[in-house]
Amino acid sequence: MNERTSNAADPASAVTMDAVRFHEYGEPAAVLRLDRAPVPGPGPGRIRVAVRACGLNPADWALCRGLFAAELPRGIGLEVSGTVDAVGEGVTGVAVGDAVLGATDYAVERSAGAAHFAVLKHWAPLPEGLDPVRAAALPMAVETSHRSLDHLGVAAGHTLLVHGAGTMVGFAAVQIALARGARVIAAAGTTYAGDLRAMGAAVTPYGDGMAGRVEEAAGGPVDLVLDTAPAGGAMPALVAVADGDPRRVLTVSDPEGAAAAGARTSFDKDAPRALHYDVLGEFAQRAAEGRFTVPVARTFPLGEWRTALDISQSGHAHGKLVLLPAALRGHLPA
């Protein structure tokens, strides 16, 4: 059973909600708990949504360990879908009652998407035909993969290796690169190998001999490499398959390996500073039309967040894990 704790340090609020938060930094299983937290108000340029679904990501666990450290407590759940509940000053083009998907303002808010209500910094309309669960799987995978491919300069005619194509960022990147006209070789496990081939990618397994298999499939070195695999250690092979040029390799998951090899990362000085959430509406529409997807493995009521955490950290999620905070909204006071 998951614990619910009160938080006397929070300012008094007439309305509170359930929210998964941490009050100190450390391992997620040790520091996360289900709180009663004040319902946040949307500041200027923000909206508040009643959360329908919240996608979980490895970045959530990194926040618990101190990534982008800020004043505590803080919440997890960086991507959501929901119904607009309040609109901040200066916001136009969206109204209370609209269905949206987007990214939470996790850097300043004391709670995030794993809660009954969340404040969004970036959002797009939820198109007809896209259900809230699949919508909540999109924002971070779309933003990270699109920005990374732009950073690499992936375009029509390039041969791209996506290492970790079975991750959600990698899976999205394969689809975006193919749509740009690139030739894609996907290094992935068995879970999504068939789906990746059906999209048009050549697929090779991880492990010993991967560089040789990639070069055989490509007919030589590849032009560019995007690394999204959660486990490090493959950087020397990735540089080798890029004809020995580490600047052709960009990783979103192995900064230590990149530093040792001279490869690129999402945090380089020349990396794009602006996030790419402006393309979220386009990809949501593609998803609604069946032309883009981020796989959802399982959904959980908010109260089962710890089960979702355990599965995520096991490395065997095999798709996006999504919390459904609406299932516990009965805990809100009238």
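Here is a quick tour of one strand, its partners and a few residues in this model.

The model is predicted, so to speak, on paper: local features need pLDDT of at least 70, side-chain atom pairs count only at pLDDT 80 or more, and totals for chains, interfaces and linings use all residues. Residues are numbered from 1 along each chain as its sequence is written, and side-chain values use heavy atoms, leaving out hydrogens and water.

Let's start with β2, residues 16-22. Strands here are DSSP runs of E with at least two residues, and helices are runs of H or I with at least four, numbered from the N terminus. In β2, 6 of the 7 residues are buried, so the strand is largely enclosed by the rest of the structure. Buried means under 20% relative accessible area, exposed over 50%, and partly exposed in between (1.4 Å probe, protein chains only).

Two strands pair if DSSP finds at least two bridges between them. Here are the partners of β2:

| Partner of β2 | Sense and bridges | One bridge pair |
|---|---|---|
| β3 (residues 32-38) | antiparallel, 7 bridges | threonine 16 with proline 38 |
| β5 (residues 74-75) | antiparallel, 2 bridges | phenylalanine 22 with arginine 74 |

Next, two loop residues. Histidine 116 sits in the loop between β7 (99-104) and β8 (117-125), and is buried, with a relative accessible area of 0%. Its side chain reaches the backbone nitrogen of aspartate 18 at 3.2 Å.

Phenylalanine 267 lies in the loop between β14 (264-265) and α10 (280-288). This phenylalanine 267 is exposed, with a relative accessible area of 62%.

Definitions and conventions:
A polar contact is a pair of N or O atoms within 3.5 Å; within protein, one must be able to donate a hydrogen and the other to accept it, and residues adjacent in sequence count only if both atoms are side-chain atoms.
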